[in-house]
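Student: Hi! Could you walk me through this structure before I head back to the bench?
Tutor: Happy to, let's look at it together.

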Amino acid sequence: MPETRTEGRNVSAKAKPAWREMSIDHVASLVRVADRVHPSLPESNQVFAERVNLFPAGCLALVQEGSDDLCGYLISHPIRYRQPPELDSLLGEIADDVDQYYIHDLAILPEWRECGLARDGIERVLGIAKKYQSTCLVSVYKTELFWARYGFQPVEIEEGLEEKVRGYGEGAKFLECEN
């Protein structure tokens with residue numbers, strides 16, 4: 001059986017996790033992943049549960065076959081143009097006049113990185129995003145080059161949005177790509 005190398009260990013190709021639509025039952029496991037991957041950017045269970053309830057098609061769970069424990073997750077949803085939510089804030093609703101897609105968070109446990117898993121999840125949500133003119137995100141941890149592979153580039157933004165982006169931590173950048 002072919003093997004996939006993941007940061008210091010080999011796992012069989014059969015054991016490779018796959019993306020599936022997230023359910024509310026995944027939220028506790030999602031928070032454990034978030035706490036490990038983003039310890040300096042905490043968000044409440046309620047934020048993630050709300051995203052799953054409001055826009056389940058854009059909320060993906062990365063799970064191994066036969067398990068409900070997440071290896072990663074991807075949260076995304078439509079927004080009004082250049083109006084991403086503040087970190088750890090509730091949306092209340094998806095507005096009727098949304099006109100941009102937003103990737104809120106992508107997190108994969110370190111032992112599952114560099115396996116092509118991120119690409120699979122991103123391509124899936126970018127397929128959903130095609131009904132909007134553009135997709136945006138806030139890049140953290142100096143990941144702009146990673147996102148550039150998918151067409152995301154920094155853009156000039158007004159002061160109000162710049163202030164919101166600063167809330168995502170030092171070095172956070174607002175990126176967009178045309179769909």
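Tutor: We can go through the sheet, a helix that packs on it, the cysteines and the salt bridges. One thing to keep in mind is that this is a predicted model.

Student: Good to know. What is the strand order in the sheet of 7 strands?
Tutor: The order is β3-β4-β5-β6-β7-β9-β8, in an open sheet with mixed pairing. The edges are β3 (18–21) and β8 (153–154), and each of these pairs on one side only.

Student: How many bridges join β8 to β9?
Tutor: There are 2 bridges, and the two strands run antiparallel. β9 covers residues 173–178. If you want a spot to click on, Pro-154 has Leu-175 in β9 as its bridge partner.

Student: And which helix packs on the sheet, touching β4, β5 and β6?
Tutor: That is helix α2, residues 45–54. The strands it touches are β4 (59–63), β5 (70–79) and β6 (100–108). The direction of α2 makes about 65° with that of β5.

Student: Let's stay with β6. Is it enclosed or open to the outside?
Tutor: Largely enclosed by the rest of the structure, because 9 of the 9 residues of β6 are buried.

Student: Are its pairings with β5 and β7 parallel or antiparallel?
Tutor: One of each. With β5, the pairing is antiparallel and runs over 8 bridges; there, Ser-76 stands opposite Ile-103 in β6. With β7 (residues 134–139), β6 pairs in the parallel sense over 3 bridges. On that side, Tyr-102 stands opposite Cys-136 in β7.

Student: What holds paired strands together in general?
Tutor: Strands of a sheet pair through backbone hydrogen bonds, whether parallel or antiparallel.

Student: So what unit do β6, α3 and β7 make?
Tutor: A right-handed β-α-β unit, with helix α3 spanning residues 117–129.

Student: Back to α2 for a second. I spotted Arg-51 in that helix. Buried or exposed?
Tutor: Arg-51 is buried, as its relative accessible area is 2%, and the cut-off for buried is under 20%.

Student: Huh, an arginine. Which residues is Arg-51 in contact with?
Tutor: Setting aside neighbours within four places in sequence, its contacts include Pro-56, Cys-59, Ile-75 and His-77. Also among them are Pro-85, Ser-89, Leu-90, Leu-91 and His-104.

Student: You mentioned Cys-59 there, so let me switch topic. How many disulfides are there?
Tutor: The count comes to 0 disulfides. For Cys-59, the nearest cysteine sulfur belongs to Cys-136 and is 15 Å away. For Cys-136, the nearest one is that of Cys-177, at 9.1 Å. A disulfide would need the two sulfur atoms within 2.5 Å.

Student: Are those two cysteines buried or exposed?
Tutor: Cys-59 is buried, with a relative accessible area of 0%. Cys-136 also counts as buried, at 0% relative accessibility.

Student: Now the charged residues. How many salt bridges does a search of the whole structure find?
Tutor: It finds 9. Take Asp-68 and Arg-20, whose side chains meet in a salt bridge at 2.6 Å, N to O. Asp-68 is in the loop between β4 and β5 while Arg-20 is in strand β3, so the pair ties together parts that are 48 residues apart in sequence.

Student: Where do those two stand on exposure: exposed or buried, or partly exposed?
Tutor: Asp-68 is exposed, with a relative accessible area of 52%. Arg-20 is partly exposed, at 32%.

Student: Which residue does Arg-82 form a salt bridge with?
Tutor: Glu-176, with the closest N and O atoms 2.8 Å apart. This pair links distant parts of the chain, since Arg-82 is in the loop between β5 and β6 and Glu-176 in strand β9, 94 residues apart. Arg-82 is buried, at 17% relative accessibility, and Glu-176 is buried too, at 8%.

Student: One last thing: which residues are linked with Arg-166 in a network of salt bridges?
Tutor: Glu-159 and Glu-162. The closest N and O atoms of Arg-166 and Glu-159 are 3.0 Å apart. Both of these are partly exposed: Arg-166 has a relative accessible area of 47%, and Glu-159 has 48%.

Student: Great, thanks for the tour!

Notes
Residues are numbered from 1 along each chain as its sequence is written. This is a predicted model: local features need pLDDT of at least 70, side-chain atom pairs count only at pLDDT 80 or more; totals for chains, interfaces and linings use all residues. Side-chain values use heavy atoms; hydrogens and water are left out. Two strands pair if DSSP finds at least two bridges between them. Helices (H or I, at least four residues) and strands (E, at least two) are DSSP runs, numbered from the N terminus. Contact means heavy atoms within 4.5 Å. Axes are lines fitted to C-alpha atoms, for helices over the stretch in contact, and angles run from 0 to 180 degrees between N-to-C directions. Buried means under 20% relative accessible area, exposed over 50%, partly exposed in between (1.4 Å probe, protein chains only). A crossover is right-handed if, with the strands pointing away from the viewer, the path from the first strand over the helix to the second runs clockwise. A salt bridge is a side-chain nitrogen of Lys or Arg within 4 Å of a carboxyl oxygen of Asp or Glu.
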